[in-house]
Amino acid sequence: MNRVIVITSGKGGVGKTTVTANLGTALASLGRKVALVDADFGLRNLDLLLGLEQRIVYTALDVLSGECSLDKALVRDKRVPNLVLLPAAQNRTKESISPEQMKELVEQLKPDYDYILIDCPAGIEMGFRNAIAPADEAIIVTTPEMAAVRDADRVVGLMESENIKTIRLIVNRVRPEMIQLNQMIAVEDILDLLVIPLLGVVPDDQQIIISTNRGEPIVLEQQESLPATAIKNIAARLEGKNIPFLELKAKREGFFQRILNFFSRLF
Ligand code: ADP
Ligand code: MG
């Protein structure tokens, strides 16, 4: 199979690294061999989300400089067999690696992995170009905010000009109760704006922040949560399964909110 997928967004802080860590873990739990590549040189944090930061000895730059073999730089996740991380260097700038070098690293990984997921840095500068260079597919992550959707739209255009044919969307941090109150852009409206197929919707959930801080991907937690189900469904869709989208229902509104709604309808 050997699929190389870049997870990107344009805007920072929308959940790229969270999606990369959890989707990679979910795919590995399905028995796939998965390599996660941190392309965020300078601001790496994929290792933190995976709880692997203490185990990093070498980084991608050491592999490129011939300091160590690729195999030695890969950090293996002890909780999930078949999941490895290729760490980025933390104290270097994004210019310390070129798109050609990124391609070279991914080519070396390809024979051994079913999925190579590349966590892209924010922006559309050098780090972004490095991250998309080896990719055949892209997952665009956005939140339901105008600034994020506009940046996502720009990135979709750039992907198309890079000949990345398969581009799909994840809408992250969705809050149904806000959409119901017209305080948040609805997923359908985002799809109308971006015109790319939807891969999944992930609810805004504080469990994600807790799991991030714990260094334990939410998809591994004993107690199945809504965001974990959402990510597992995305993994299954990537595998070609036809899984219906989760219906994220708003909780029943409080009395005060219903009164507010009633009045807002009068105006
Ligand atoms: P990016 O890699 O795009 O900069 P991150 O994955 O680092 O974004 O996420 C930014 C912040 O948002 C983190 O603190 C993360 O825990 C939080 N976050 C991401 N997705 C969700 C979600 N669905 N619900 C709640 N918090 C989230
Ligand atoms: Mg990130």
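Mentor: Helices (H or I, at least four residues) and strands (E, at least two) are DSSP runs, numbered from the N terminus. This is a predicted model: local features need pLDDT of at least 70, side-chain atom pairs need 80 or more, and totals for chains, interfaces and linings use all residues. Residues count from 1 along each chain as written, chains are lettered from A and ligands numbered from 1 in written order, and side-chain values use heavy atoms, without hydrogens or water.

Trainee: Where does Gly215 lie, and what is its phi?

Mentor: Gly215 comes just after helix 10. Its phi is positive, about 70 degrees.

Trainee: What makes Asp205 a cap of helix 10?

Mentor: A side-chain oxygen of Asp205 lies 2.8 Å from the backbone nitrogen of Gln207, at the N-terminal end of the helix.

Trainee: Why is the pair of Thr17 and ligand 1 called a polar contact?

Mentor: A polar contact is a pair of N or O atoms within 3.5 Å; within protein, one must be able to donate a hydrogen and the other to accept it, and sequence neighbours count only through side-chain atoms on both sides. A side-chain N or O atom of Thr17 lies 2.8 Å from an oxygen of ligand 1, so the pair qualifies. A polar side-chain atom of Arg173 lies 3.1 Å from a ligand oxygen. For Val14, a backbone N or O atom is 3.2 Å from one.

Trainee: Which elements give two or more residues to the shell around ligand 1?

Mentor: Helix 1 (16-29), strand 7 (166-174), strand 8 (198-203) and helix 10 (206-214) do.

Trainee: How many residues surround ligand 1?

Mentor: The count is 16 (near means a heavy atom within 4 Å). Gly13, Lys16, Thr17, Thr18 and Asn172 are the closest.

Trainee: How do you know where ligand 1 sits?

Mentor: The test is that more than half of its atoms lie within 2 Å of the grid points. Ligand 1 sits in the largest pocket.

Trainee: Which element gives the largest share of that pocket's lining?

Mentor: Helix 1 does, with three residues.

Methods
On a 1 Å grid over the protein atoms alone, a cavity is a set of points where a 1.4 Å probe fits but cannot get out, and a pocket is an open set with protein on both sides within 12 Å along at least five of seven lines; lining residues have an atom within 4 Å of a point.
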